[in-house]
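Let's take a friendly walk through this model together, moving from its core outwards to its loops. Have your viewer open and follow along.

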Amino acid sequence: MIVSDNGTEMTSNAILAWPQKRSVLWHYIAPGKPQQNGFVESFNGRFRDECLNEHLFRNIAHARTVIDAWRADYNAVRPHTSLNGMTPEAFAQHAKTAYSNAQTLT
């Protein structure tokens, strides 16, 4: 499921058709209720505070380099309390292993 606000960026026919073609559910949060999408709001705030507000980008290539370095740190180096102190990559690997083991048992 994709959760988004119902802003004007979500009104194109291509965007509206995409989830239907792929059997993806799309849920719009209520107008003026960003807390309904708290994970994204939390991430956006962290990304803005820790990356975007810390750099003046010289050009698009520089922005891509800085943002990619931040993304790599966020996903592979930094432990997340919401993931019991694991990085997102370690958590994904743990979940994949647990899923594989559960499939083997059935």
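Two residues are said to touch, or to be in contact, when heavy atoms of theirs lie within 4.5 Å. One more thing before we set off: what you see is a predicted model.

With that contact rule in hand, start at His62. This residue sits in helix H3, and leaving out residues up to four places away in sequence, His62 touches Leu56 and Phe57. Is His62 buried or exposed? The cut-off for buried is under 20% relative accessible area. His62 has a relative accessible area of 16%, so it counts as buried.

Stay with helix H3, which spans residues 60-77, and look for the nonpolar core. In general, nonpolar side chains in soluble globular proteins tend to be buried together. Here the largest nonpolar core consists of five residues, namely Phe47, Cys51, Val66, Trp70 and Tyr74. Which element gives the largest share of this core? That is helix H3, with three residues. One member of the core, Tyr74, is worth selecting by itself. Setting aside residues up to four places away in sequence, Tyr74 touches Phe43, Arg46, His80 and Pro88.

Now bring helix H2, residues 38-50, into view next to H3. A pair of packed helices is described by the angle between their axes and the distance between the axes. For H2 and H3, the axes come within 11 Å and cross at roughly 125 degrees. Why is H2 called oblique to H3? Angles of 65 to 115 degrees count as roughly perpendicular and those over 145 as roughly antiparallel; the crossing angle falls in neither range, and therefore H2 is oblique to H3. The crossing of these two helices is right-handed.

Which residues meet where H2 and H3 come together? On the H2 side they are Phe43, Arg46, Phe47 and Glu50, and on the H3 side Ile67, Trp70 and Tyr74. Sorted by type, the residues of this contact are five nonpolar and two charged, with no polar ones. You have met Phe47, Trp70 and Tyr74 before, as members of the largest nonpolar core.

Next, step into the loop between S2 and H2, where Asn37 is found. Asn37 has 11% relative accessibility, so it counts as buried. Leaving aside neighbours within four places in sequence, Asn37 is in contact with Val3, Ser4 and Ile29. Take the pair Asn37 and Ser4: they are 33 residues apart in sequence, and their C-alpha atoms are 7.4 Å apart in space. Compare that with Arg48, which has its place in helix H2. From Arg48 to Asn37 the separation is eleven residues in sequence and 17 Å in space, C-alpha to C-alpha. Arg48 is at 42% relative accessibility and so counts as partly exposed.

Finally, check two backbone angles. Ser23 lies in the loop between helix H1 (13-21) and strand S2 (26-28), and its phi is near 55 degrees, a positive value in a residue other than glycine. Where does Asn84 lie? Asn84 has its place in the loop between H3 and helix H4 (88-105). Although it is not a glycine, Asn84 has a positive phi of about 55 degrees. The cut-off for exposed is over 50%. Ser23, at 70% relative accessibility, therefore counts as exposed, and Asn84, with a relative accessible area of 73%, is exposed too.

Terms used: Residues numbered from 1 in each chain as written. Predicted model: local features only at pLDDT ≥ 70, side-chain atom pairs only at ≥ 80, totals over all residues. Heavy atoms only, no water. Core = buried A, V, L, I, M, F, W, Y, C linked by side-chain atoms within 4.5 Å. Buried < 20%, exposed > 50% of the residue type's maximum accessible area, 1.4 Å probe, protein only. Helix = DSSP H or I, 4+ residues; strand = E, 2+ residues; numbered from the N terminus. Axes fitted to C-alpha atoms, helices over the stretch in contact; angles between N-to-C directions. Parallel < 35°, antiparallel > 145°, perpendicular 65-115°, else oblique. Left-handed = near helix turned anticlockwise from the far one by under 90°. Nonpolar A, V, L, I, M, F, W, Y, C, P; charged D, E, K, R; others polar.
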